[in-house]
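Visitor: I'm new to this one and would like a tour. Could you show it to me and teach me how to read it as we go?

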There are 2 protein chains.
Amino acid sequence: MRRFRGEAENKVDAKGRVSIPAPFRRVLEEGDPDWSVGVSPNFVIVYGRRNSKCLEGYSLRSINDVDNLVSRLPRYSKEREILERLLNSQSIYAQVDENGRIVLPPKLREKVEINSKAMFVGMGDKFQIWEPNSYQEDMLLMDQKLSENNFEEEIYSLLDYKDNDPKKL
Amino acid sequence: MRRFRGEAENKVDAKGRVSIPAPFRRVLEEGDPDWSVGVSPNFVIVYGRRNSKCLEGYSLRSINDVDNLVSRLPRYSKEREILERLLNSQSIYAQVDENGRIVLPPKLREKVEINSKAMFVGMGDKFQIWEPNSYQEDMLLMDQKLSENNFEEEIYSLLDYKDNDPKKL
DNA sequence: TTGATTTCCATAAAATCCCATGCTAGGTTA
DNA sequence: TAACCTAGCATGGGATTTTATGGAAATCAA
């Protein structure tokens, strides 16, 4: 299955319309069970992330994976209800139109301070939508962290599994 | 499984098109589950490597291995999101055309300062794309390091595993 | 009815496809 | 063995399609 890869900065017009990068559309199409050629795929935008100023787009298939994880928590448990708030309450269905665009509702735009431009960032099974400057800041922060000590090596070393067992975080 | 071996310097034209060395194409074909004779293989170019002025090409199979390792880290963990940034956000799908070429988008060319020539360098399960002069510099640096003390011997000695146990780095 | 939203059409730039050429290495044939 | 053939390769140029984006018309909602 194809993954969300790459970055793209697109314009947001006065009506809140913005193009979804074409490669992302291909992934959304693959990830929508009801999609077929000539139809526009549906997907989900989550705006509940707290510690980062971005929206997150999920194909129907991947949001389903996440929802299934939540469903495994005990019904009515505090934890489950919080997760449902963050992932379900704070999210909307979106539909790509025939020009490859979506409309970002004002509420979502305000949430992440998007005005006239939006940066789309592929993250594998989801993608993020940032105000371009916020994204740049966030990248700088990450760069700094990575240069400190041996953080970069440490990060990559997380991929060195021994005995097929992931390192504990 | 065939590996990326050897070096080749090819021209980059005004449109950013450049031929993938034929032996590399064979490896990419083997590494694309959907490939068959007459079809052009897909693969992935990662441009997120910090501290090195090169792009990295992975067959679908090898990038998939990497992605699977990342997917085993906890969803939404800081570590996973950093790795997704480095490996997914900073990468693109590329498709070899029927003449054996790909298009290097301007952003990637700028990143590694590639202008009219590109050097392809086999690295086993991936290959690198360099601006030829940068590559030469990098090689010189490596040569210097290797001639200091007994660095070359030391390096090769890392291959002496005892009891199937890699030496500690 | 008036503001907001959705649908439809238009366009320029960019990405992709298609065809053509010169070259080289291998193999084939006289 | 020498001349020839052929297939694959690296590269160039033009035609075509897709993308991103702007604006107008149509529909909806308060």
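Guide: Happy to. Let's begin with the vocabulary: helices and strands here are DSSP runs, with at least four residues for a helix and at least two for a strand, and they are numbered from the N terminus. Keep in mind that this is a predicted model.

Visitor: How many helices and strands are there in chain A?

Guide: Chain A has six helices and eight strands. Written out from the N terminus, with α for helix and β for strand, the order in chain A is β-β-α-β-β-α-α-β-β-α-β-β-α-α. As for its extent, the C-alpha atoms of chain A fill a box of roughly 50 × 40 × 35 Å along the principal axes.

Visitor: I see helices lying against each other. What describes two packed helices?

Guide: Two things do the job: the angle between the axes and the distance between them. Take helix 2 (residues 60-71) and helix 3 (residues 78-89) of chain A: they pack at about 165°, and their axes are 10 Å apart. An angle over 145 degrees counts as roughly antiparallel, so helix 2 of chain A is roughly antiparallel to helix 3 of chain A.

Visitor: Which residues make that contact between helix 2 and helix 3 of chain A?

Guide: Helix 2 of chain A brings Val66(A), Asp67(A), Val70(A) and Ser71(A), while helix 3 of chain A brings Arg80(A), Leu83(A), Glu84(A), Leu87(A) and Asn88(A). Sorted by class, the contact has four nonpolar, two polar and three charged residues. The crossing of these two chain A helices is left-handed.

Visitor: And at what angle do helix 2 and helix 3 of chain B pack?

Guide: In chain B, helix 2 (residues 60-71) and helix 3 (residues 78-89) pack at about 165°, with axes 10 Å apart. Helix 2 and helix 3 of chain B are therefore roughly antiparallel to each other. Their crossing is left-handed. On the helix 2 side of chain B the contact uses Val66(B), Asp67(B), Val70(B) and Ser71(B), and on the helix 3 side Arg80(B), Leu83(B), Glu84(B), Leu87(B) and Asn88(B).

Visitor: Now for a pair across the chains. At what angle do the axes of helix 5 of chain A and helix 3 of chain B cross?

Guide: They cross at roughly 110°, and the axes come within 12 Å; helix 5 of chain A covers residues 132-147. Angles of 65 to 115 degrees count as roughly perpendicular, so helix 5 of chain A is roughly perpendicular to helix 3 of chain B. Tyr135(A), Asp138(A), Met139(A), Met142(A), Lys145(A) and Leu146(A) meet Lys78(B), Ile82(B), Arg85(B), Leu86(B) and Ser89(B) there. By class, this contact has six nonpolar, one polar and four charged residues.

Visitor: Let's turn to the DNA. Which residues surround DNA strand C?

Guide: A good habit is to list the neighbours, then ask which part of the DNA they touch. DNA strand C is surrounded by Lys15(A), Arg17(A), Asn99(A), Lys15(B), Arg17(B) and Asn99(B). By class, there are no nonpolar, two polar and four charged residues. Of the atoms of DNA strand C within 4 Å of the protein, 0% belong to sugar or phosphate and the rest to bases. For example, a side-chain N or O atom of Lys15(A) is 3.1 Å from a base oxygen of DNA strand C. Asn99(A) has a polar side-chain atom 3.1 Å from a base nitrogen of that strand, and for Asn99(B) a side-chain N or O atom is 2.9 Å from a base nitrogen.

Visitor: How many residues surround DNA strand D?

Guide: There are 26, and the closest are Lys15(A), Arg17(A), Arg26(A), Lys15(B) and Arg17(B). The classes here are six nonpolar, six polar and 14 charged residues. Of the atoms of DNA strand D within 4 Å of the protein, 45% belong to sugar or phosphate, with the rest in bases.

Visitor: What do the side chains of Arg17(A) and Arg25(B) approach?

Guide: An N or O atom in the side chain of Arg17(A) is 2.5 Å from a base oxygen of DNA strand D. For Arg25(B), a side-chain N or O atom is 3.0 Å from a phosphate oxygen of DNA strand D.

Note on methods:
Residues are numbered from 1 along each chain as its sequence is written. Chains are lettered from A and ligands numbered from 1 in the order in which they are written. This is a predicted model: local features need pLDDT of at least 70, side-chain atom pairs count only at pLDDT 80 or more; totals for chains, interfaces and linings use all residues. Side-chain values use heavy atoms; hydrogens and water are left out. Axes are lines fitted to C-alpha atoms, for helices over the stretch in contact, and angles run from 0 to 180 degrees between N-to-C directions. Angles under 35 degrees count as roughly parallel, over 145 as roughly antiparallel, 65 to 115 as roughly perpendicular and the rest as oblique. A crossing is left-handed if the near helix is turned anticlockwise from the far one by less than a right angle, and right-handed if clockwise. Contact means heavy atoms within 4.5 Å. Ala, Val, Leu, Ile, Met, Phe, Trp, Tyr, Cys and Pro count as nonpolar, Asp, Glu, Lys and Arg as charged, and the others, Gly among them, as polar. A residue is near a molecule or strand if one of its heavy atoms lies within 4 Å of it. A polar contact is a pair of N or O atoms within 3.5 Å; within protein, one must be able to donate a hydrogen and the other to accept it, and residues adjacent in sequence count only if both atoms are side-chain atoms.
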